[in-house]
Amino acid sequence: MAIDAATNTFRIIVVGGGIAGLATAIAMRGPQREIIVLEKSRMNKEVGALLSLQPNAQKIVEQWKLKDIIQKAKPTAERQFRILDTKGNIHMNIDMDGKKYGADRMVYHRQDLHSALREAALSTELPGHPVSIVTAAKVVSCDCEAGVVTLEDNTTYQGDLIIGADGIHSVIREAVLEAGNHELVHPTPTGVSAYRLLVETANLSSKNVDPETFDPKRQATTLMMGHDRRVIMGPARNGDLLGLVGMVPDEHMHETSNANSWTTPGSLSKLLETYNDFPQWIKDIFAQAPDIALWQLRDIDALPAWVAGRCIIIGDAAHAMLPTQGQGASQSIEDAEALAAFFSSTTAKPTLPEVSLALQKVFEARYQRASLIQAYSRQQAKPATRKGSVKVTLNPAEFLDYNCKYEGAVQWLEQQKSREVQGQ
Ligand SMILES: Cc1cc2nc3c(=O)[nH]c(=O)nc-3n(C[C@H](O)[C@H](O)[C@H](O)COP(=O)(O)OP(=O)(O)OC[C@H]3O[C@@H](n4cnc5c(N)ncnc54)[C@H](O)[C@@H]3O)c2cc1C
């Protein structure tokens, strides 16, 4: 289908082709819309790690009717959340009932989910025009009022709407904050570093563990808590892979982590030294991983603004958070749904006031919720993390409900307004 290049087309530029950017491009597809994703990489090297979509986000993706495409990403439903101590005693075993929240918590290999979202964005079968994805397109600046982004090679793209989904080191965040005369906000170390490992379960021989304590194929996330360090483990690709993330306070690391790369190699001997007090069977699993990646976890404080002129930031650019709640990608999917919802009546080229009004609604619906989840994710990594400005008073079970009982941005905004009226 050719796009009407005449003036009546709603032109949307998405900066960044990660989970947030691709999900938003899919959600925004529609007639009389041209969507261009500008991605700085060549998109051939997504990070090998597991990632979960919590029920709040999985529900949204299911509503997008991408079932056949998403199935190719081999989502693995997680049915339990288990907490063990370092002696292997089970402290908590929460059954995760998909029915309670309207969808299961699904675990994906990041590359699989990314490929599926890319396929959906480019598909000619879905409503609206296929998205154009331009790779090796690094955006270096943005004029928020004019809706113009400039690439490294000086090529410019103009849109009625610019969506900054360019991750934690966002260029578009700088432009939005500068346009509002706000101080720039930079990612800061949270005091925690993470090891990331993936092991094929077929190769796994963890001889000394009772399957009641730990079975790598069980559809469960298992958290083993030490005093100030932890390991989070769970299966993906229908149990063929086991993903492990070890989180350690920086001051107790035996090697130095790197904030700027997800792929810095870690050392097995240093990892084993750091987890010396953990059971032998878990150290045996560490030893079977072909690669160990290590990086320092950073997040950002809640921002004073997400919107300027024709521009909005979403995903990690707007609310990068620690992975303790597994909500980073899920909050990006919520952003995508919110944009689609508040622009749903925009069927042709919008005026600047129309764009501003819709963006303001997205911000109102998303800001408080994403900031609270960001603050709670930081709080959950204590004792290493510093205190944030947003106070969280809900207990973990209440917070799980808060996270997962989400039915989209329009309903959330209505509920938020009625809570404000009732003074809650
Ligand atoms: C250890 C760990 C585990 C995690 N586990 C989970 C989990 O279980 N569940 C979950 O929901 N989330 C998880 N997350 C978080 C999650 O991965 C992110 O929050 C999510 O992917 C959203 O990212 P994004 O698309 O906003 O940014 P990114 O994934 O960083 O994507 C940004 C994209 O923009 C591109 N880009 C950057 N700058 C430019 C530029 N100037 N011009 C053009 N393109 C640019 C980048 O190349 C990239 O493709 C985890 C994160 C970590 C660190």
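Author: Domain bounds here come from an automatic or database domain assignment. The model is predicted: local features need pLDDT of at least 70, side-chain atom pairs count only at pLDDT 80 or more, and totals for chains, interfaces and linings use all residues. Residues are numbered from 1 along each chain as its sequence is written, and side-chain values use heavy atoms, with hydrogens and water left out.

Reader: OK, how many Å separate the centres of domain 1 and domain 2?

Author: Domain 1 covers 10-75 + 105-186 + 301-421, while domain 2 is 188-299. Taking the centres over C-alpha atoms, the separation is 28 Å.

Reader: And how many residues does each domain bring to the contact?

Author: Contact means heavy atoms within 4.5 Å. Domain 1 puts in 29 residues, and domain 2 puts in 24.

Reader: What area gets buried between domain 1 and domain 2?

Author: Buried area is the accessible area (1.4 Å probe) that two parts lose on being put together, summed over both. Carbon and sulfur atoms give 58% of the total between domain 1 and domain 2, which is about 2100 Å².

Reader: How many residue pairs are in polar contact between domain 1 and domain 2?

Author: Salt bridges (a Lys or Arg side-chain nitrogen within 4 Å of an Asp or Glu carboxyl oxygen) between the domains come to two. Arg378 pairs with Asp299 in a salt bridge, the closest N and O atoms sitting 2.9 Å apart. For polar contacts (N or O atoms within 3.5 Å; within protein, a possible hydrogen donor and acceptor, with residues adjacent in sequence counting only through side-chain atoms on both sides), with both residues at pLDDT 80 or more, the count is four.

Reader: Which element gives the largest share of domain 1's side of that contact?

Author: Strand S7 (105-109) and helix H5 (110-122) each give two or more residues there; these are DSSP runs numbered from the N terminus, helices (H or I) of at least four residues and strands (E) of at least two. The largest share is four residues, from S7.

Reader: Switching to the ligand, which residue has a polar backbone atom 2.6 Å from a ligand oxygen?

Author: There are 30 residues around the ligand, each with a heavy atom within 4 Å. Glu39 has a side-chain N or O atom 2.7 Å from a ligand oxygen, and Asp316 has one at 2.7 Å too. The backbone atom belongs to Ala329.

Reader: Last one: which residue meets Lys72 in a salt bridge?

Author: The structure holds 16 salt bridges. This one closes to 2.7 Å, N to O, and the partner of Lys72 is Glu119.
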